[in-house]
Amino acid sequence: MDASVKGPAPEISGAKKGGTLTITAAGAPPTFDPAGAYYEFSMTILSELVTRGLTGYQVSKDGVSTLVPDLAQGLGKESADGKTWTFKIKPGMKYSNGQPVKAADFVYAIKRSFDENLGGNGPVPYLKTYLVGGDTYQGPFKDAGKDFQGVTSQGDDTVIFHLTRKWPTLPYYLAFPAASPVPQSAEKKAAYEKDPLATGPYQFKSFSKGTSIVLEKNPQWDAQSDPIRHQYPDTIDVKLGVTALTQQQQILANSGSGATTVDISGLDASLSSKVNSQAKQIVFGPSPCEAYLPLDSQKIPLEVRKAIAIAYPYDQSRKAVGDSSLTLDPATTYAPPQVPGIQQYPPVNGLIGKGSGDPAKAKAMLKKAGKLGFELSWYYVSDKTEDVAENNAKKAAFQEAGFKVKDVPVSQAEFSEKINDPNAPENVGQGIQSWCYDWPSGDSIYPQLFSSTTAKDGRSVANLRDAAIDKELNRISAMDPTAAEPEWLAFDKKMTEQVMGLPLSYSKASSVLGNKVHNVIPDPTHGLPDFAQIWVG
(Lines give C-alpha, C1' and ligand atoms only; values in the text may rest on other atoms or scores of the structure.)
Protein backbone atom coordinates (compact mmCIF):
# COMPACT_ATOMS: atom_id res chain seq x y z
CA MET A 1 0.00 0.00 0.00
CA ASP A 2 1.08 3.56 -0.68
CA ALA A 3 -1.28 6.29 0.51
CA SER A 4 0.89 9.09 -0.92
CA VAL A 5 0.31 8.27 -4.61
CA LYS A 6 -1.67 10.88 -6.51
CA GLY A 7 -2.87 11.29 -10.09
CA PRO A 8 -2.33 11.44 -12.94
CA ALA A 9 -1.00 8.01 -13.87
CA PRO A 10 2.66 7.96 -14.95
CA GLU A 11 3.01 8.64 -18.66
CA ILE A 12 4.12 5.77 -20.89
CA SER A 13 6.98 6.55 -23.22
CA GLY A 14 5.99 6.40 -26.89
CA ALA A 15 2.30 5.74 -26.20
CA LYS A 16 -0.13 6.95 -28.86
CA LYS A 17 -3.80 7.79 -28.61
CA GLY A 18 -6.51 6.52 -30.92
CA GLY A 19 -7.55 3.34 -32.66
CA THR A 20 -9.49 0.30 -31.51
CA LEU A 21 -8.15 -2.28 -29.08
CA THR A 22 -9.87 -5.67 -29.19
CA ILE A 23 -9.78 -7.88 -26.08
CA THR A 24 -10.89 -11.50 -26.51
CA ALA A 25 -11.60 -14.21 -23.97
CA ALA A 26 -12.72 -17.83 -24.28
CA GLY A 27 -14.91 -17.51 -21.22
CA ALA A 28 -17.93 -15.37 -20.50
CA PRO A 29 -18.39 -14.19 -16.88
CA PRO A 30 -21.97 -14.55 -15.62
CA THR A 31 -22.37 -10.84 -14.91
CA PHE A 32 -20.78 -7.45 -15.44
CA ASP A 33 -22.84 -5.86 -12.68
CA PRO A 34 -20.20 -4.43 -10.32
CA ALA A 35 -22.00 -6.01 -7.35
CA GLY A 36 -21.52 -9.54 -8.63
CA ALA A 37 -18.35 -9.23 -10.75
CA TYR A 38 -16.12 -11.84 -9.08
CA TYR A 39 -14.43 -13.43 -12.07
CA GLU A 40 -10.94 -12.10 -12.82
CA PHE A 41 -11.98 -10.93 -16.30
CA SER A 42 -15.15 -9.09 -15.31
CA MET A 43 -13.42 -7.52 -12.30
CA THR A 44 -10.49 -6.37 -14.43
CA ILE A 45 -12.58 -4.94 -17.29
CA LEU A 46 -14.64 -2.97 -14.79
CA SER A 47 -12.01 -1.83 -12.28
CA GLU A 48 -9.31 -0.93 -14.82
CA LEU A 49 -11.50 0.66 -17.50
CA VAL A 50 -15.00 1.54 -16.33
CA THR A 51 -15.43 1.88 -12.57
CA ARG A 52 -13.23 3.49 -9.93
CA GLY A 53 -13.25 2.57 -6.26
CA LEU A 54 -12.08 4.34 -3.16
CA THR A 55 -8.83 2.44 -3.75
CA GLY A 56 -7.24 0.65 -6.70
CA TYR A 57 -4.07 -1.05 -7.93
CA GLN A 58 -1.32 0.83 -9.71
CA VAL A 59 0.82 -1.60 -11.74
CA SER A 60 4.36 -0.49 -12.49
CA LYS A 61 6.17 -1.18 -15.78
CA ASP A 62 8.00 -4.07 -14.11
CA GLY A 63 4.75 -5.67 -12.95
CA VAL A 64 4.67 -4.63 -9.29
CA SER A 65 1.16 -3.98 -8.00
CA THR A 66 0.59 -1.33 -5.32
CA LEU A 67 -2.70 -0.40 -3.64
CA VAL A 68 -3.19 3.37 -3.94
CA PRO A 69 -5.94 5.95 -3.34
CA ASP A 70 -8.34 6.15 -6.30
CA LEU A 71 -11.55 8.10 -5.65
CA ALA A 72 -10.51 8.49 -2.01
CA GLN A 73 -8.06 11.13 -0.83
CA GLY A 74 -6.02 8.52 1.02
CA LEU A 75 -6.22 4.90 2.11
CA GLY A 76 -8.62 5.63 4.95
CA LYS A 77 -8.30 6.47 8.63
CA GLU A 78 -8.62 3.58 11.06
CA SER A 79 -9.96 4.23 14.57
CA ALA A 80 -7.90 3.34 17.65
CA ASP A 81 -9.94 0.18 18.24
CA GLY A 82 -9.81 -0.78 14.56
CA LYS A 83 -13.59 -0.99 14.28
CA THR A 84 -14.23 2.18 12.28
CA TRP A 85 -12.71 3.29 8.97
CA THR A 86 -13.31 6.74 7.51
CA PHE A 87 -12.66 7.74 3.89
CA LYS A 88 -12.84 11.18 2.31
CA ILE A 89 -13.58 11.24 -1.41
CA LYS A 90 -11.86 13.54 -3.87
CA PRO A 91 -13.83 16.67 -4.79
CA GLY A 92 -15.30 17.20 -8.23
CA MET A 93 -15.62 13.55 -9.28
CA LYS A 94 -18.37 12.84 -11.82
CA TYR A 95 -20.11 9.90 -13.47
CA SER A 96 -20.30 9.49 -17.23
CA ASN A 97 -23.74 11.20 -17.18
CA GLY A 98 -22.30 14.30 -15.50
CA GLN A 99 -23.84 13.55 -12.10
CA PRO A 100 -21.50 14.22 -9.12
CA VAL A 101 -20.13 11.28 -7.15
CA LYS A 102 -21.32 11.41 -3.55
CA ALA A 103 -20.48 9.48 -0.40
CA ALA A 104 -24.03 8.08 -0.28
CA ASP A 105 -23.33 6.33 -3.61
CA PHE A 106 -20.62 4.20 -2.02
CA VAL A 107 -23.03 3.31 0.78
CA TYR A 108 -25.70 2.27 -1.71
CA ALA A 109 -23.22 0.21 -3.74
CA ILE A 110 -22.23 -1.76 -0.64
CA LYS A 111 -25.89 -2.29 0.24
CA ARG A 112 -26.87 -3.58 -3.22
CA SER A 113 -23.95 -6.02 -3.18
CA PHE A 114 -25.79 -7.87 -0.40
CA ASP A 115 -28.68 -8.67 -2.75
CA GLU A 116 -28.43 -12.35 -3.67
CA ASN A 117 -29.51 -11.71 -7.26
CA LEU A 118 -26.95 -8.97 -7.89
CA GLY A 119 -24.03 -9.68 -5.57
CA GLY A 120 -24.75 -13.23 -4.49
CA ASN A 121 -21.74 -14.57 -6.38
CA GLY A 122 -19.55 -11.60 -5.51
CA PRO A 123 -17.17 -10.94 -2.59
CA VAL A 124 -20.02 -10.20 -0.17
CA PRO A 125 -19.04 -12.93 2.37
CA TYR A 126 -16.35 -10.55 3.66
CA LEU A 127 -18.99 -7.89 4.31
CA LYS A 128 -21.23 -10.39 6.05
CA THR A 129 -18.34 -11.28 8.34
CA TYR A 130 -16.97 -7.84 9.14
CA LEU A 131 -19.69 -5.18 8.80
CA VAL A 132 -22.04 -4.40 11.68
CA GLY A 133 -25.37 -6.06 10.81
CA GLY A 134 -23.83 -7.77 7.81
CA ASP A 135 -24.70 -11.25 9.06
CA THR A 136 -28.44 -10.58 8.66
CA TYR A 137 -28.72 -7.83 6.04
CA GLN A 138 -30.12 -8.91 2.63
CA GLY A 139 -29.81 -5.77 0.55
CA PRO A 140 -31.94 -2.69 -0.25
CA PHE A 141 -34.76 -4.63 -1.93
CA LYS A 142 -35.50 -7.44 0.51
CA ASP A 143 -34.67 -5.19 3.46
CA ALA A 144 -36.16 -2.00 2.03
CA GLY A 145 -36.29 0.66 4.71
CA LYS A 146 -34.06 -1.29 7.09
CA ASP A 147 -31.50 0.84 8.91
CA PHE A 148 -28.23 -0.84 7.94
CA GLN A 149 -25.39 0.30 10.19
CA GLY A 150 -22.46 -1.41 8.44
CA VAL A 151 -21.62 1.57 6.23
CA THR A 152 -22.84 5.16 6.46
CA SER A 153 -22.12 8.54 4.89
CA GLN A 154 -21.52 11.93 6.43
CA GLY A 155 -22.17 14.84 4.14
CA ASP A 156 -21.33 14.36 0.47
CA ASP A 157 -17.65 13.52 0.93
CA THR A 158 -17.25 11.07 3.84
CA VAL A 159 -17.83 7.30 3.87
CA ILE A 160 -17.66 5.44 7.19
CA PHE A 161 -17.39 1.66 7.68
CA HIS A 162 -18.52 0.19 11.01
CA LEU A 163 -16.97 -3.18 11.84
CA THR A 164 -17.62 -6.00 14.29
CA ARG A 165 -13.85 -6.61 14.56
CA LYS A 166 -10.59 -5.32 13.15
CA TRP A 167 -10.18 -5.47 9.37
CA PRO A 168 -6.77 -3.98 8.53
CA THR A 169 -7.03 -5.02 4.87
CA LEU A 170 -10.38 -3.27 4.27
CA PRO A 171 -8.64 -0.84 1.85
CA TYR A 172 -7.87 -3.85 -0.37
CA TYR A 173 -11.52 -4.89 -0.39
CA LEU A 174 -12.53 -1.42 -1.54
CA ALA A 175 -10.73 -1.96 -4.86
CA PHE A 176 -13.41 -4.48 -5.85
CA PRO A 177 -15.96 -3.23 -8.42
CA ALA A 178 -18.59 -4.20 -5.82
CA ALA A 179 -17.40 -1.26 -3.73
CA SER A 180 -17.39 1.27 -6.60
CA PRO A 181 -20.08 3.96 -6.31
CA VAL A 182 -23.62 3.47 -7.63
CA PRO A 183 -26.21 6.23 -7.09
CA GLN A 184 -29.57 4.83 -5.99
CA SER A 185 -31.23 6.89 -8.74
CA ALA A 186 -29.38 4.78 -11.36
CA GLU A 187 -30.63 1.43 -10.02
CA LYS A 188 -31.93 -0.92 -12.72
CA LYS A 189 -31.46 -4.18 -10.81
CA ALA A 190 -30.56 -6.99 -13.25
CA ALA A 191 -30.42 -4.55 -16.16
CA TYR A 192 -27.73 -2.40 -14.52
CA GLU A 193 -24.96 -4.58 -15.97
CA LYS A 194 -25.93 -3.46 -19.47
CA ASP A 195 -24.78 0.11 -18.88
CA PRO A 196 -23.19 0.75 -15.46
CA LEU A 197 -22.41 4.38 -14.74
CA ALA A 198 -18.73 4.97 -15.43
CA THR A 199 -16.19 6.84 -13.34
CA GLY A 200 -13.18 5.43 -15.22
CA PRO A 201 -11.81 6.37 -18.66
CA TYR A 202 -14.35 4.27 -20.59
CA GLN A 203 -18.11 3.78 -20.59
CA PHE A 204 -20.35 1.11 -22.10
CA LYS A 205 -21.43 1.89 -25.67
CA SER A 206 -23.12 -1.47 -26.25
CA PHE A 207 -23.60 -4.72 -24.35
CA SER A 208 -24.61 -8.17 -25.55
CA LYS A 209 -24.69 -10.60 -22.64
CA GLY A 210 -22.17 -13.39 -22.96
CA THR A 211 -21.00 -12.14 -26.35
CA SER A 212 -19.58 -8.64 -26.46
CA ILE A 213 -19.09 -5.26 -24.84
CA VAL A 214 -18.01 -2.17 -26.74
CA LEU A 215 -16.42 0.58 -24.66
CA GLU A 216 -16.05 4.21 -25.72
CA LYS A 217 -14.30 7.12 -24.04
CA ASN A 218 -15.96 8.60 -20.97
CA PRO A 219 -15.81 12.40 -21.49
CA GLN A 220 -16.33 13.02 -17.75
CA TRP A 221 -13.26 11.03 -16.64
CA ASP A 222 -10.83 13.13 -14.63
CA ALA A 223 -7.33 12.04 -15.69
CA GLN A 224 -5.62 14.38 -13.22
CA SER A 225 -7.24 12.64 -10.26
CA ASP A 226 -6.58 9.09 -11.52
CA PRO A 227 -3.20 7.56 -10.55
CA ILE A 228 -3.95 4.24 -12.26
CA ARG A 229 -5.51 4.58 -15.71
CA HIS A 230 -4.94 6.00 -19.16
CA GLN A 231 -7.35 6.66 -22.03
CA TYR A 232 -5.32 5.68 -25.08
CA PRO A 233 -7.60 3.74 -27.52
CA ASP A 234 -10.71 5.50 -28.80
CA THR A 235 -12.66 2.23 -28.60
CA ILE A 236 -12.21 -1.05 -26.75
CA ASP A 237 -14.04 -4.01 -28.27
CA VAL A 238 -14.47 -6.91 -25.82
CA LYS A 239 -15.42 -10.24 -27.38
CA LEU A 240 -16.50 -13.13 -25.16
CA GLY A 241 -16.79 -16.87 -25.74
CA VAL A 242 -14.27 -16.97 -28.59
CA THR A 243 -12.47 -20.12 -29.73
CA ALA A 244 -9.04 -19.46 -28.24
CA LEU A 245 -6.98 -21.41 -30.78
CA THR A 246 -8.63 -19.77 -33.80
CA GLN A 247 -8.32 -16.34 -32.24
CA GLN A 248 -4.68 -16.81 -31.27
CA GLN A 249 -3.74 -18.07 -34.72
CA GLN A 250 -5.23 -14.93 -36.26
CA ILE A 251 -3.41 -12.74 -33.75
CA LEU A 252 -0.03 -14.41 -34.29
CA ALA A 253 -0.49 -14.01 -38.04
CA ASN A 254 -1.30 -10.32 -37.46
CA SER A 255 -4.21 -10.87 -39.79
CA GLY A 256 -6.91 -8.18 -39.98
CA SER A 257 -8.07 -7.10 -36.52
CA GLY A 258 -5.70 -9.70 -35.03
CA ALA A 259 -2.91 -7.11 -35.22
CA THR A 260 -4.75 -4.90 -32.69
CA THR A 261 -6.11 -7.72 -30.50
CA VAL A 262 -4.99 -9.19 -27.19
CA ASP A 263 -6.40 -12.60 -26.22
CA ILE A 264 -6.30 -13.46 -22.51
CA SER A 265 -7.61 -17.04 -22.73
CA GLY A 266 -4.19 -18.57 -22.05
CA LEU A 267 -1.85 -19.80 -24.77
CA ASP A 268 -3.22 -22.89 -26.51
CA ALA A 269 -0.85 -25.84 -25.98
CA SER A 270 -0.65 -26.50 -29.72
CA LEU A 271 1.00 -23.09 -30.18
CA SER A 272 3.80 -23.65 -27.68
CA SER A 273 6.41 -23.60 -30.47
CA LYS A 274 5.57 -19.92 -31.00
CA VAL A 275 6.91 -19.01 -27.54
CA ASN A 276 10.41 -18.66 -28.97
CA SER A 277 9.73 -17.77 -32.60
CA GLN A 278 7.19 -15.02 -31.77
CA ALA A 279 8.26 -14.17 -28.23
CA LYS A 280 7.22 -10.50 -28.50
CA GLN A 281 3.61 -11.56 -29.11
CA ILE A 282 3.22 -13.83 -26.07
CA VAL A 283 3.35 -12.40 -22.57
CA PHE A 284 3.51 -14.55 -19.44
CA GLY A 285 2.78 -13.34 -15.94
CA PRO A 286 1.85 -14.48 -12.44
CA SER A 287 -1.67 -15.44 -11.47
CA PRO A 288 -3.39 -15.07 -8.09
CA CYS A 289 -4.63 -18.66 -8.47
CA GLU A 290 -3.24 -21.87 -7.02
CA ALA A 291 -4.37 -25.50 -7.31
CA TYR A 292 -4.56 -27.98 -4.42
CA LEU A 293 -5.39 -31.59 -3.70
CA PRO A 294 -7.74 -31.40 -0.70
CA LEU A 295 -7.26 -34.06 1.98
CA ASP A 296 -9.86 -34.58 4.70
CA SER A 297 -7.92 -34.21 7.95
CA GLN A 298 -10.90 -35.61 9.88
CA LYS A 299 -10.83 -38.88 7.97
CA ILE A 300 -7.16 -39.33 6.98
CA PRO A 301 -4.52 -39.63 9.74
CA LEU A 302 -1.34 -37.53 9.47
CA GLU A 303 0.91 -40.52 8.74
CA VAL A 304 -1.34 -41.46 5.83
CA ARG A 305 -1.40 -37.87 4.54
CA LYS A 306 2.39 -37.90 4.54
CA ALA A 307 2.37 -41.08 2.45
CA ILE A 308 -0.09 -39.52 0.01
CA ALA A 309 2.30 -36.60 -0.50
CA ILE A 310 5.20 -38.96 -1.20
CA ALA A 311 3.17 -41.05 -3.67
CA TYR A 312 1.47 -38.22 -5.57
CA PRO A 313 2.21 -38.40 -9.35
CA TYR A 314 2.60 -34.70 -10.16
CA ASP A 315 4.21 -35.18 -13.57
CA GLN A 316 1.84 -37.91 -14.76
CA SER A 317 -1.22 -35.90 -13.71
CA ARG A 318 -0.03 -32.79 -15.52
CA LYS A 319 0.84 -34.66 -18.68
CA ALA A 320 -2.63 -36.21 -18.74
CA VAL A 321 -4.39 -32.84 -18.84
CA GLY A 322 -1.85 -31.06 -21.04
CA ASP A 323 -0.37 -28.80 -18.38
CA SER A 324 3.23 -27.67 -18.73
CA SER A 325 5.67 -25.01 -17.61
CA LEU A 326 3.76 -22.64 -19.89
CA THR A 327 0.65 -22.90 -17.70
CA LEU A 328 1.98 -23.47 -14.19
CA ASP A 329 4.88 -23.63 -11.77
CA PRO A 330 5.15 -26.38 -9.12
CA ALA A 331 3.79 -25.23 -5.77
CA THR A 332 5.29 -25.88 -2.35
CA THR A 333 3.39 -23.26 -0.33
CA TYR A 334 -0.32 -22.59 0.12
CA ALA A 335 -0.02 -18.97 -1.08
CA PRO A 336 1.36 -17.86 -4.46
CA PRO A 337 4.92 -16.48 -4.36
CA GLN A 338 4.01 -12.89 -5.27
CA VAL A 339 2.03 -12.44 -2.02
CA PRO A 340 4.14 -10.17 0.22
CA GLY A 341 6.01 -12.16 2.85
CA ILE A 342 5.75 -15.52 1.12
CA GLN A 343 9.18 -17.07 0.78
CA GLN A 344 10.07 -20.46 -0.63
CA TYR A 345 11.21 -22.52 2.36
CA PRO A 346 12.64 -26.05 2.06
CA PRO A 347 9.75 -28.42 1.20
CA VAL A 348 8.63 -30.73 4.00
CA ASN A 349 6.86 -34.09 4.01
CA GLY A 350 7.31 -34.62 0.29
CA LEU A 351 5.40 -31.48 -0.72
CA ILE A 352 7.80 -30.78 -3.56
CA GLY A 353 5.20 -29.93 -6.21
CA LYS A 354 6.85 -31.96 -8.96
CA GLY A 355 8.16 -35.40 -9.90
CA SER A 356 6.66 -38.84 -10.47
CA GLY A 357 6.15 -39.76 -6.83
CA ASP A 358 7.86 -42.51 -4.87
CA PRO A 359 5.33 -45.35 -4.45
CA ALA A 360 7.87 -47.71 -2.81
CA LYS A 361 8.71 -45.18 -0.11
CA ALA A 362 5.04 -44.35 0.43
CA LYS A 363 4.21 -48.04 0.78
CA ALA A 364 6.93 -48.47 3.39
CA MET A 365 5.50 -45.50 5.30
CA LEU A 366 2.00 -47.01 5.23
CA LYS A 367 3.34 -50.37 6.40
CA LYS A 368 5.21 -48.77 9.29
CA ALA A 369 2.04 -46.91 10.32
CA GLY A 370 -0.04 -50.09 10.08
CA LYS A 371 -2.16 -48.49 7.34
CA LEU A 372 -1.49 -50.66 4.27
CA GLY A 373 -4.69 -50.88 2.23
CA PHE A 374 -6.04 -47.54 3.60
CA GLU A 375 -8.89 -46.53 1.30
CA LEU A 376 -8.73 -43.26 -0.60
CA SER A 377 -11.98 -42.22 -2.22
CA TRP A 378 -12.73 -39.35 -4.57
CA TYR A 379 -15.00 -38.13 -7.37
CA TYR A 380 -13.70 -37.65 -10.90
CA VAL A 381 -15.24 -36.31 -14.10
CA SER A 382 -16.00 -39.29 -16.32
CA ASP A 383 -17.22 -37.45 -19.42
CA LYS A 384 -13.98 -35.58 -20.21
CA THR A 385 -11.13 -37.55 -21.77
CA GLU A 386 -8.33 -35.62 -20.06
CA ASP A 387 -9.98 -35.94 -16.64
CA VAL A 388 -10.28 -39.69 -17.06
CA ALA A 389 -6.59 -39.86 -18.05
CA GLU A 390 -5.60 -37.83 -14.99
CA ASN A 391 -7.72 -40.03 -12.75
CA ASN A 392 -6.09 -43.16 -14.14
CA ALA A 393 -2.63 -41.73 -13.44
CA LYS A 394 -3.50 -40.95 -9.82
CA LYS A 395 -5.25 -44.25 -9.26
CA ALA A 396 -2.32 -46.27 -10.59
CA ALA A 397 0.20 -44.38 -8.45
CA PHE A 398 -1.79 -44.75 -5.24
CA GLN A 399 -2.54 -48.40 -5.80
CA GLU A 400 1.15 -49.06 -6.39
CA ALA A 401 1.84 -47.28 -3.09
CA GLY A 402 -0.36 -49.71 -1.19
CA PHE A 403 -3.60 -47.76 -1.01
CA LYS A 404 -7.03 -49.10 -1.82
CA VAL A 405 -8.73 -46.70 -4.24
CA LYS A 406 -12.42 -45.99 -4.66
CA ASP A 407 -12.77 -43.57 -7.59
CA VAL A 408 -16.36 -42.48 -8.16
CA PRO A 409 -17.31 -41.36 -11.69
CA VAL A 410 -19.62 -38.33 -12.02
CA SER A 411 -20.56 -36.04 -14.88
CA GLN A 412 -18.94 -32.67 -15.36
CA ALA A 413 -22.29 -31.04 -14.60
CA GLU A 414 -22.54 -32.58 -11.13
CA PHE A 415 -18.84 -32.55 -10.18
CA SER A 416 -18.77 -29.15 -8.48
CA GLU A 417 -21.80 -29.94 -6.32
CA LYS A 418 -20.34 -33.31 -5.32
CA ILE A 419 -16.93 -32.00 -4.21
CA ASN A 420 -18.52 -29.16 -2.23
CA ASP A 421 -20.89 -31.43 -0.32
CA PRO A 422 -19.75 -31.34 3.34
CA ASN A 423 -21.62 -34.60 4.00
CA ALA A 424 -20.05 -36.60 1.16
CA PRO A 425 -18.27 -39.78 2.32
CA GLU A 426 -15.18 -39.22 0.13
CA ASN A 427 -11.89 -38.25 1.78
CA VAL A 428 -9.79 -36.84 -1.11
CA GLY A 429 -10.54 -33.89 -3.39
CA GLN A 430 -13.44 -32.52 -1.34
CA GLY A 431 -13.66 -28.76 -1.05
CA ILE A 432 -11.49 -26.10 -2.69
CA GLN A 433 -9.39 -27.55 -5.50
CA SER A 434 -8.17 -24.09 -6.46
CA TRP A 435 -8.25 -20.63 -4.93
CA CYS A 436 -7.51 -17.20 -6.38
CA TYR A 437 -6.65 -14.72 -3.66
CA ASP A 438 -8.87 -11.67 -3.40
CA TRP A 439 -6.03 -9.36 -2.46
CA PRO A 440 -2.31 -9.96 -1.86
CA SER A 441 -2.42 -10.73 1.85
CA GLY A 442 -2.71 -13.93 3.86
CA ASP A 443 -6.13 -13.04 5.27
CA SER A 444 -7.67 -13.51 1.81
CA ILE A 445 -6.10 -16.98 1.54
CA TYR A 446 -5.58 -18.96 4.74
CA PRO A 447 -8.99 -18.45 6.43
CA GLN A 448 -10.63 -19.61 3.19
CA LEU A 449 -8.51 -22.77 3.11
CA PHE A 450 -8.33 -23.73 6.77
CA SER A 451 -11.13 -22.24 8.90
CA SER A 452 -13.99 -24.13 10.50
CA THR A 453 -16.42 -21.83 8.71
CA THR A 454 -15.34 -22.86 5.23
CA ALA A 455 -15.08 -26.50 6.34
CA LYS A 456 -18.72 -26.50 7.41
CA ASP A 457 -19.63 -25.14 3.96
CA GLY A 458 -17.60 -27.88 2.27
CA ARG A 459 -15.14 -25.35 0.83
CA SER A 460 -11.79 -25.86 2.57
CA VAL A 461 -8.72 -27.90 1.60
CA ALA A 462 -8.46 -29.94 4.79
CA ASN A 463 -11.93 -30.03 6.37
CA LEU A 464 -10.09 -28.57 9.36
CA ARG A 465 -12.39 -27.82 12.31
CA ASP A 466 -10.03 -26.67 14.98
CA ALA A 467 -10.92 -23.86 17.41
CA ALA A 468 -7.24 -23.15 18.08
CA ILE A 469 -6.56 -22.74 14.35
CA ASP A 470 -9.60 -20.47 14.01
CA LYS A 471 -8.28 -18.34 16.86
CA GLU A 472 -4.87 -18.11 15.22
CA LEU A 473 -6.40 -17.15 11.87
CA ASN A 474 -8.42 -14.39 13.53
CA ARG A 475 -5.40 -13.16 15.48
CA ILE A 476 -3.16 -12.80 12.43
CA SER A 477 -5.98 -11.36 10.31
CA ALA A 478 -6.38 -8.55 12.84
CA MET A 479 -2.72 -7.51 12.53
CA ASP A 480 -1.28 -4.78 10.33
CA PRO A 481 -0.75 -6.47 6.93
CA THR A 482 3.00 -5.85 6.90
CA ALA A 483 3.47 -7.06 10.48
CA ALA A 484 1.37 -10.13 9.64
CA GLU A 485 3.62 -11.27 6.79
CA PRO A 486 6.05 -13.41 8.87
CA GLU A 487 3.11 -14.77 10.87
CA TRP A 488 1.38 -15.96 7.70
CA LEU A 489 4.60 -17.57 6.50
CA ALA A 490 4.93 -19.42 9.81
CA PHE A 491 1.30 -20.53 9.50
CA ASP A 492 1.97 -21.78 5.98
CA LYS A 493 4.86 -23.89 7.27
CA LYS A 494 2.67 -25.24 10.05
CA MET A 495 0.06 -26.40 7.55
CA THR A 496 2.63 -28.10 5.30
CA GLU A 497 4.10 -29.89 8.31
CA GLN A 498 0.62 -31.28 8.95
CA VAL A 499 0.03 -31.96 5.21
CA MET A 500 -3.29 -30.15 5.26
CA GLY A 501 -3.89 -30.85 1.58
CA LEU A 502 -1.27 -30.80 -1.16
CA PRO A 503 -0.22 -27.53 -2.82
CA LEU A 504 -0.04 -28.57 -6.47
CA SER A 505 0.69 -25.64 -8.75
CA TYR A 506 0.87 -21.88 -9.04
CA SER A 507 -1.06 -20.87 -12.14
CA LYS A 508 0.59 -18.83 -14.87
CA ALA A 509 -1.26 -16.28 -16.93
CA SER A 510 -0.50 -15.78 -20.61
CA SER A 511 -1.73 -13.38 -23.24
CA VAL A 512 -1.33 -13.41 -27.01
CA LEU A 513 -1.13 -10.02 -28.70
CA GLY A 514 -1.00 -8.58 -32.18
CA ASN A 515 2.04 -6.65 -33.36
CA LYS A 516 0.20 -3.33 -33.03
CA VAL A 517 -0.67 -3.89 -29.36
CA HIS A 518 1.82 -2.25 -27.00
CA ASN A 519 2.67 -2.06 -23.31
CA VAL A 520 1.01 -5.29 -22.19
CA ILE A 521 2.04 -5.49 -18.53
CA PRO A 522 0.88 -8.45 -16.41
CA ASP A 523 -1.13 -7.47 -13.34
CA PRO A 524 -0.12 -10.03 -10.66
CA THR A 525 -3.24 -9.42 -8.58
CA HIS A 526 -5.72 -10.07 -11.39
CA GLY A 527 -3.68 -12.53 -13.46
CA LEU A 528 -4.41 -10.51 -16.61
CA PRO A 529 -2.82 -7.60 -18.44
CA ASP A 530 -3.33 -4.14 -17.00
CA PHE A 531 -5.81 -3.05 -19.67
CA ALA A 532 -5.61 0.61 -18.65
CA GLN A 533 -2.01 0.89 -19.88
CA ILE A 534 -2.35 -0.69 -23.34
CA TRP A 535 -2.13 1.38 -26.53
CA VAL A 536 -2.42 0.43 -30.19
CA GLY A 537 -0.69 1.69 -33.29
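Helices α14 and α15 come out roughly antiparallel to each other in this predicted model, since they pack at an angle of about 155° and anything over 145 degrees counts as roughly antiparallel. The helices cover residues 467-477 (α14) and 481-497 (α15), and their axes sit 10 Å apart. As for handedness, α14 passes α15 in a left-handed crossing. On the α14 side, the contact draws on Ile 469, Glu 472, Leu 473, Arg 475, Ile 476 and Ser 477. Facing them from α15 are Ala 484, Glu 487, Trp 488, Phe 491, Lys 494 and Met 495. Sorted by class, that gives seven nonpolar residues, four charged ones and one polar one.

A second helix pair is made up of α7 (residues 302-311) and α9 (residues 359-369). Here the packing angle is about 170° and the axes are 8 Å apart. With that angle also over 145 degrees, α7 and α9 are therefore roughly antiparallel as well. Helix α7 brings Glu 303, Val 304, Lys 306, Ala 307, Ile 310 and Ala 311 to the contact, while α9 supplies Lys 361, Ala 362, Met 365, Leu 366 and Ala 369. The class tally for this contact reads eight nonpolar and three charged residues, with no polar ones.

Turning to the strands, there is an open four-stranded sheet with the order β4-β5-β7-β6 and antiparallel pairing. Strands β4 (77-78) and β6 (151-154) take the edges; each has a single partner strand, so one side of each is left without a neighbour in the sheet. Within the sheet, β5 (residues 84-88) and β7 (residues 158-162) are joined by five bridges in the antiparallel sense. One of the residues involved is Trp 85, whose bridge partner in β7 is Phe 161. A helix also packs on this sheet: α2 (residues 103-112) lies across β6 and β7, and runs at about 170° to β6.

Parallel pairing turns up elsewhere in the chain. Strands β14 (residues 375-381) and β15 (residues 404-410) run parallel and are held together by seven bridges. Val 381 has Val 410 of β15 as its bridge partner. The strands are part of a bigger motif, too: together with helix α10 (residues 385-400), β14 and β15 make a β-α-β unit, and that unit is right-handed.

How values were computed:
Residues are numbered from 1 along each chain as its sequence is written. This is a predicted model: local features need pLDDT of at least 70, side-chain atom pairs count only at pLDDT 80 or more; totals for chains, interfaces and linings use all residues. Side-chain values use heavy atoms; hydrogens and water are left out. Axes are lines fitted to C-alpha atoms, for helices over the stretch in contact, and angles run from 0 to 180 degrees between N-to-C directions. Helices (H or I, at least four residues) and strands (E, at least two) are DSSP runs, numbered from the N terminus. Angles under 35 degrees count as roughly parallel, over 145 as roughly antiparallel, 65 to 115 as roughly perpendicular and the rest as oblique. A crossing is left-handed if the near helix is turned anticlockwise from the far one by less than a right angle, and right-handed if clockwise. Contact means heavy atoms within 4.5 Å. Ala, Val, Leu, Ile, Met, Phe, Trp, Tyr, Cys and Pro count as nonpolar, Asp, Glu, Lys and Arg as charged, and the others, Gly among them, as polar. Two strands pair if DSSP finds at least two bridges between them. A crossover is right-handed if, with the strands pointing away from the viewer, the path from the first strand over the helix to the second runs clockwise.
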